[in-house]
Amino acid sequence: MASIKSVNECVIRFANTNGTGSASANSMFAKAIFRMGIPVSPANIFPSNIQGMSTWYDVRVSAKDYMARREGSPDIVVAMNAQSMADDVRNVRPGGFLFYDSSRQIDPALMRQDITFLGMPISEICLREYQAPNLRQLFKNVIYVGALAALLDIDFSVLKGLVADQFKGKEKLVAPNVHALELGYQYATTHFSCPLSIRLEATDKVGSRILIDGNTATGLGAVYGGATVVGWYPITPSTSVVENFEKYCKRLRIDPASGKNNFAIMQAEDELSAIGIAIGAGWNGARSFTATSGPGISLMSEFLGLAYFAEVPMVLVNVQRAGPSTGMPTRTQQSDVMTCAYASHGDTKQVLLFPSSPAECFNMSAQAFDLAEQLQTPIILMSDLDLGMNDQLSDALTWDDKQSYDRGKVLNEQQLDEVEQFGRYLDVDGDGICYRTYPGTHPDKGIFFTRGTSRDEFAIYTEKGDEYVKNMQRLERKFETAVNYLPQPILHPANSGSRTGVIYYGMSDVAITETFDLLAEQGHYIDGMCIKSFPFGQPVQDFIDAHDQVFVIDQNREGQMRKLLIMELEQNPAKLVKVTHYDGMPITATFISQFILQNIIATPVKRNTKRTGS
Amino acid sequence: MSFLKSKFHHPRLARNELGLTHRDYEGSLSTLCAGCGHDAVGAALVQAVFELSIPAHKIAKLSGIGCSSKAPTYFLNQSHGFNTVHGRMPSVATGAGMANRSLKYIGMSGDGDTASIGLGQFAHVVRRRLDMTYIVANNGVYGLTKGQMAATAERGSTTKKGNKVLWPDIDLATMALELGATFVARSFSGDKEQMVPLLKAAICHEGFAFIDIISPCVTFNNHATSTRSYDYVREHVQEGLIADFVPVASDITTSYGEGESNDICLHDGSIIRLHKGSNGFDARDRQSSLGAIHKHRENGEILTGLLYCDPTYRDMHDILNTTETPLNSLNEKELCPGAHTLNGINNGFR
C-alpha cells in the first residue's frame, strides 16, 4: 500500500507510560512545529494515575488551522509503551508509519502490511550511552524526538533553541540534551529514507499567536483582574488554575518595598471551605475566587445559593470533566452546564461564561471580577479539561492599560454621609442592583446584616410573603440587567440566507471552521453562533428566530445547552436538534458534520460563499 | 407576642473612651427564649467591647445556623454581620480575615454548628490560626429543631423527651488545644464576671482565640437529668485560673504580693492577670492545661476560666506573609501588572 503523502497536515501519536518523563519531550516536539510557523494542536490523553499506566499525546498539525481533534487514526504512531503496543499498532492509519523501539522484537502477530514499521534500538543506544538508569529512561524520549526531526524534516536548529530555552539557568543540561537529539537524528538519517512522505515545512501560518493552556491563561486573568484572595482544594483538571495564579503572583505581586504578598491563597480542607473563603472575602470587599471541577461543584452548591441570595460577589472557575460522580476524571466534557446554571436549592440562577480559547480564558477570567462586583453575584467561568490542560494555539493575551476595575455599587464613608437612607436591598436605580458597603466603612451608617434567610429592603429578617416576593422579583430583574453586562454570542454567518443554524459553545468552537468546510463540500452553508454567556440575551433569541432548524452542539449526553435554551427562551423543542458527543474525548468536525448531514432539512445548494466572522 | 426595645436610657450612663455608652453596643431585641444563656453571652460581649472602647464598626460578627448563630443580631448593631450556612462560618471568617486584616472578627457558633456539621471547618480554622474570637454557646442540644441531642451532650444524660445520649461527647476546648489554638478558655453564661475579662482578652489576643461557653437551653435542656442545665452546671463548675484583664496603657494601681498574680502580656500590650488559684496548672503549657481539663472531667467537674494562652505564636497573615495593607483596599496599581509585562509573558509562550 502506498504511504500517505502530506505536507503540514497530519496527526502524530506518542504512546508512553506515564511517569517516564515523556511529557516534556513530547511538548518540545509540538513546540518545534509551532516555531516552524505551522499551526499545531497537542492533546494529552492521560490516566488518573501517577506512574505506570498508558498515556498518549496526540499532535495534530494543520496548515489549514484545523485545531480540533481529528476523527480516526493517527498517521504516525511513536510506540514507546509495550503495554499498549498491540492497540498502538492497530491504530495506525493505513499508509501510515509506526516508529518503535526495536531493542525488543515486535510480536510477529502484530505486523501489518499496510503501514511502514520504523524500528530503532533506542533502549540499546541508551544502555550504551548512559550509566544511570534514570537517565537511560529520560533520554529515550529526547532521542525519539531527534529521530522524528529527521523523519519529518524539522529544522534541527529550532530544537536546539528549544533545549536552550528549557534549560535556561541550568546550562549544564543543554549539551547532554542536544547530544541525545543528535543521537536520534543521526540514527534516523543513516537508517531510514528521510524525510518521510509525511513531512513538515516551515511556513508563516502561526502569526503572533501563542501556545498556551487555558488554565494558565485563567490564572493569569485572575492576576490581571485583581484577585487577591483564593480558597481552593486540589482537583483535576482545575488544580493548575490556582497553581498558575500563585506562580504569577509570586513573580508579579510581591510588594518590592516590604517583600510582602499582595495576595493570600489558602488551600482549604475541602471545596465547601474553598468557596466559603471566596465568599467571605467577596463580602469583605476583596476580589476573590476558587477553582474546581465536577464533584467540587456539587459540594459548593449550598454556598452558591447563599452567594446568590445574599448577593455576594465572587468568581468560580469550573474546569469541567466527565461526570457523573467521579466519572472519568481525566477526560473532557461540558456536563455541568445545567447544574451550574441553577446551582443550589430554591429558585436560584447563576451567571455563566463560556470561553473557547486561552485568550478568552484570560479575558473572561479578568472580566469575571468586574462582573461579580457589578452584579453582586457569583460568576462561574465554564472551562473544561481539554481547554484547561492542553496547550492550544491561541491569540496572544492582551490588556488595555487604560481600563480600570469596576468595583460595582459600593458606598464609601463620604458617600454614606450624603445618603439620606441606606437600605442594602433597596433598588434605588431600578435595575435590580442595590448598593452595598464593606464592613468597617462608617461608624454608624451603611451597616447591615448579611444572611441567607429572607429579609426586607433594609436587610432585616422577615418571613412576610410580600417582602419575600418583592426581593425575589428584584433578583429576577437583576438577572435581566445582567444580560447587558455579559459577553454576547459570536456570530459566524454563512452569508447565504441560510435557514439552518448551529449553536455551540466552549471547545466545540475549535471544531467549527472545519465543520463548515466539510458541510460546504456537500453544498450546505449554515449559520453559526457561539454562545458566550448565560443568562441568554436577545441575540440568542434572534438567531433561533431567524432559522427553521437549529442544531445545538453539546459535549454531554443530555444536550444540556439545548435544554437550557428550550426552557429559558421557551422554544419549541422540535426546532432545536440535539447534537451530543460525550465519550470523554473532544468533539470532532467529522462527527458534527456527519450528524448534521444526516439530519438537515434544507436541501444542498451549489454555490461558493465567503464566510465572515463578527 | 412582640416587643419593642426602648430607646430611652439614663442621661448619665457611663461612657467609654470613645464617648459611647454600652447601649451603643447593643443589638436588636432578642427573639431567643426568655432566660436563654445565649443572651447572657451577648450581654457580656456588649460589655467587653464597650469597655475595650473598640468602635463597633471595626468588628465583624459571623455565625453559622442555629439559635447561637441567630444571636449576633442581638448584640453590636453597629457591626456588619454575616449569618452564613450551617457549620461553615469558619471558612467565611477565613475569607473575610484574609480580605481585611484590620478588623476584629467575632464568630458565634453553637454545639451543632461546630461539633457536628462544622467539625471539619472548626478543626481547620484552628489550624490556620485565623486572628478571630470563636465563641461556642454550648447547650448540648439542638434548639431550633426542638430538642435533639448534640455531640457535646454527655453520654448517659437524657434528653427532655427521655432519650438517653448513647455516644460519647466531643470536648471542643480539648480539641482546640490539640489543634494548636493559641487562646482557649471555658466559661458559663451564668457567670458574667468571668465571661467579660475572658472575652476582652480573647478579642485582644492576636491569633485564634476559642471560648467554649456553657450556655443552658431553658426550653429543651434544663431538666433534672440533663448535665447542661443551669442547676447542674452551677453545681459542677470549677473555676480554675481566675483572670483579670488589664487593658493597654492603664495605670496599674493594684499591687500584688509575690506569688499572688501571674501576667500574660498580649501583643497589643494589654495583660491577662492570673490570680494564683488552688487549681495550679500552667496556662502557658498546653500539656498542663490538657491534663487539668481531663482531671476535672474525671471528677465530674467542668473546669472553667482561662485554660491556655500563648501570645508568641504567629497568626495566619504572618505565616502567609500578607502585606500590612488590607487586601480589599489595594488598587489596580498594586494588583495589575499591565500590558508591557503581558507582552513579555506572551513571548514565553512562543
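Here is a short conversation about the contact between chain A and chain B, and about one helix of chain A.

This is a predicted model, where local features need pLDDT of at least 70, side-chain atom pairs count only at pLDDT 80 or more, and totals for chains, interfaces and linings use all residues. Residues are numbered from 1 along each chain as its sequence is written, chains are lettered from A in the order in which they are written, and side-chain values use heavy atoms, without hydrogens and water.

Visitor: What is the area buried between chain A and chain B?
Guide: Happy to help! Buried area is the accessible area (1.4 Å probe) that two parts lose on being put together, summed over both. Carbon and sulfur atoms give 62% of the total, which is about 5200 Å².

Visitor: Which residues of chain A lose the most area to chain B?
Guide: Three residues together make up 12% of what the side of chain A buries. They are Glu269(A), Trp283(A) and Phe449(A).

Visitor: Which residue of chain B meets Glu269(A) in a salt bridge?
Guide: A salt bridge is a side-chain nitrogen of Lys or Arg within 4 Å of a carboxyl oxygen of Asp or Glu, and the rule finds 2 across this interface. For Glu269(A) the N to O distance is 2.6 Å, and the partner is Arg128(B).

Visitor: How many of the 10 residues of helix H18 of chain A are buried?
Guide: Helices are DSSP runs (H or I, at least four residues), numbered from the N terminus, and buried means under 20% relative accessible area (1.4 Å probe, protein chains only). The buried residues include Met561(A), Leu565(A) and Leu569(A). H18 (residues 560-569) is largely enclosed by the rest of the structure, because the number buried is 7.

Technical notes: Buried < 20%, exposed > 50% of the residue type's maximum accessible area, 1.4 Å probe, protein only. Helix = DSSP H or I, 4+ residues; strand = E, 2+ residues; numbered from the N terminus.
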